[in-house]
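Colleague: Could you take me through one helix of this protein up close, and tell me what packs around it? I'm new to this, so plain words are welcome.

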Amino acid sequence: MTMAVSANEAPMLAAALPAAIAQLAGCSFSGLADDDVLEVLRLAEQARRQLEALDHLLIAEVEARNLPGRYVLRGSKQLLSGLLNLSSAESGPRVRQARELGPRTSLTGERLAPLLPATAAARADGSITARQADVIIAAMARLRDARLPVERQAEAEAFLVEQARRFDAGTLIGIARRLLDTLDPDGTLAEERTQQRRRFLSCHPHGDGMHRLTADLDTETAALAMTVLHSLAAPKPSEAGERDQRTSGQRMHDALRAVLKLALRAGELPTSGGVPATVLITMTAEQFQTGTGLVSTSYRQKLTVEQALRIADQAAIAWIVHNSTGGILNYGTARRVATDKQTLALIARDQGCAFPGCADPPEWTEKHHIVSWREGGATDLDNLCLLCDHHHDRIDTGGWQISMRDGLPWFIPPAWIDPEQRPQRNIRP
Ligand SMILES: [Zn+2]
């Protein structure tokens, strides 16, 4: 298939490649038949893959000659980055793939076949992509670690290369996984153990009041998180009855907040130091009276007094008002919270979030004081309605008014939404 050419022809042959591509790109494709357009596309892809495989040979040569050492560089990755203006995210994978698929050099300087000869051949003839090769390399590394007999490894590699000619990298991942489950069932268990070791979550303040949540979730936790968060992150009608304006990232964030509030409401969290899990909010008498300024939680997060008083309606939130010397003037906990009987009555009446058009069921709602308790609003049915986290958060700022008529909450839109400000109800089918 390939003709042997003398080594010193290589620069000339390589120089012909860009020239040939430039010539091809200069063609007018509009005059081509459909089939020919597709054929050129197919051949261009094959050439792209072959060029990537050519890299493997050249990187292997760079390493065999220790060229990085000659230029006092740490390795081939740095050499590639410097020579070709590549970031390490670009050069790293190329070098890694070259080590698996390029020719190797023994300690005595002898040239050896690639570690994965079948994969290397399929890369060289342009029939598989770099992503597909990565899937095969990862699977073969595991079979090597599992000390599968060499002949079995070769069979597995040939099988995966064959599948790669027919399926894309995404599908190939599934095929490789099933093969590994069969050939190396213990490895699948070991992978779970690795996941257990690597699992991790942290929440760090940024300094601007925001916090960065970082996590490596194991498969099971990720499945739970995605199921719960996606079900809660569905778009909700906006205050103006338009499409939800939140980005999907913002909706996922709000879904997480709803889950956490549910956990607090459930009252089943373990106690710490004998005190049930509680968000403790501290504010001064002046803040309490004026409703302005920032208050802090026991985790030192800053909230506006507005926010603090809004969540103070909920169970598992305790608040303390103190004077300038720290003496406690007032405190509150569960006494702002509706009784179980009231809660059942509210569920029967509102059947979920009472905001017009919202479909959230009762378990995702909070009790909203229509006249805030700070302004003397009572914790009784005529002053309470159920709102989901999203609408509870927006009801005050969005300009909506709630008014009780015949024992039912009606929502009066701001004039910019409805100039006539006709009251609306959440009608559930
Ligand atoms: Zn709602």
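Modeller: Here is a walk along helix α2, with a bit of background to place it.

First, a caution: this is a predicted model. Confidence averages a pLDDT of 84 over the protein chain, and 87% of the residues score at least 70. Strand β9 (residues 328–332) has the lowest confidence, with a mean of 62, while α6 has the highest, at 97. Where pLDDT is low, you shouldn't read the predicted coordinates in detail.

Now the setting. The protein chain has 16 helices and 13 strands. It runs to 429 residues, and 21% of them count as buried. If you take the contacts with a separation of 6 or more, 48% of them join residues 24 or more positions apart.

On to your helix. α2 covers residues 34–64, which is 31 residues. From its first C-alpha to its last it reaches 46 Å, close to the 45 Å expected at 1.5 Å a residue.

Which residues of α2 are buried? They are R49, A53, D55, H56, I59, A60, V62 and E63. Some background helps here: an α-helix has 3.6 residues a turn, so residues three or four places apart point the same way. You can try that idea on the buried residues, which include D55, I59 and E63.

And what do those buried residues pack against? Their partners are four helices you can find in the model: α3 (67–70), α4 (76–84), α5 (88–101) and α6 (117–124).

Let's zoom in on α5. People describe two packed helices by the angle between their axes and the distance between the axes. For α2 and α5, the angle is about 85° and the axes are 8 Å apart. An angle from 65 to 115 degrees counts as roughly perpendicular, so α2 is roughly perpendicular to α5. On the α2 side, D55, H56, I59 and A60 take part, and they meet R94, V95, Q97, A98 and L101 in α5. Sorted by type, the residues of this contact come to 5 nonpolar, 2 polar and 2 charged.

Finally, look at what happens just after α2, where N66 takes a positive phi of about 50°. Most residues other than glycine have a negative phi, and N66 is a residue other than glycine. You'll find N66 in the loop between α2 and α3. Is N66 buried or exposed? N66 has 12 other C-beta atoms within 10 Å, so it counts as exposed.

How values were computed:
Residues are numbered from 1 along each chain as its sequence is written. This is a predicted model: local features need pLDDT of at least 70, side-chain atom pairs count only at pLDDT 80 or more; totals for chains, interfaces and linings use all residues. Helices (H or I, at least four residues) and strands (E, at least two) are DSSP runs, numbered from the N terminus. A residue is buried if 20 or more other C-beta atoms lie within 10 Å of its own, exposed if 12 or fewer, and partly exposed in between; C-beta atoms are placed from the backbone. Two residues are in contact if their C-beta atoms, placed from the backbone, lie within 7 Å. The expected span of a helix is 1.5 Å times one less than its number of residues. Axes are lines fitted to C-alpha atoms, for helices over the stretch in contact, and angles run from 0 to 180 degrees between N-to-C directions. Angles under 35 degrees count as roughly parallel, over 145 as roughly antiparallel, 65 to 115 as roughly perpendicular and the rest as oblique. Ala, Val, Leu, Ile, Met, Phe, Trp, Tyr, Cys and Pro count as nonpolar, Asp, Glu, Lys and Arg as charged, and the others, Gly among them, as polar. pLDDT is the predictor's confidence in each residue, from 0 to 100.
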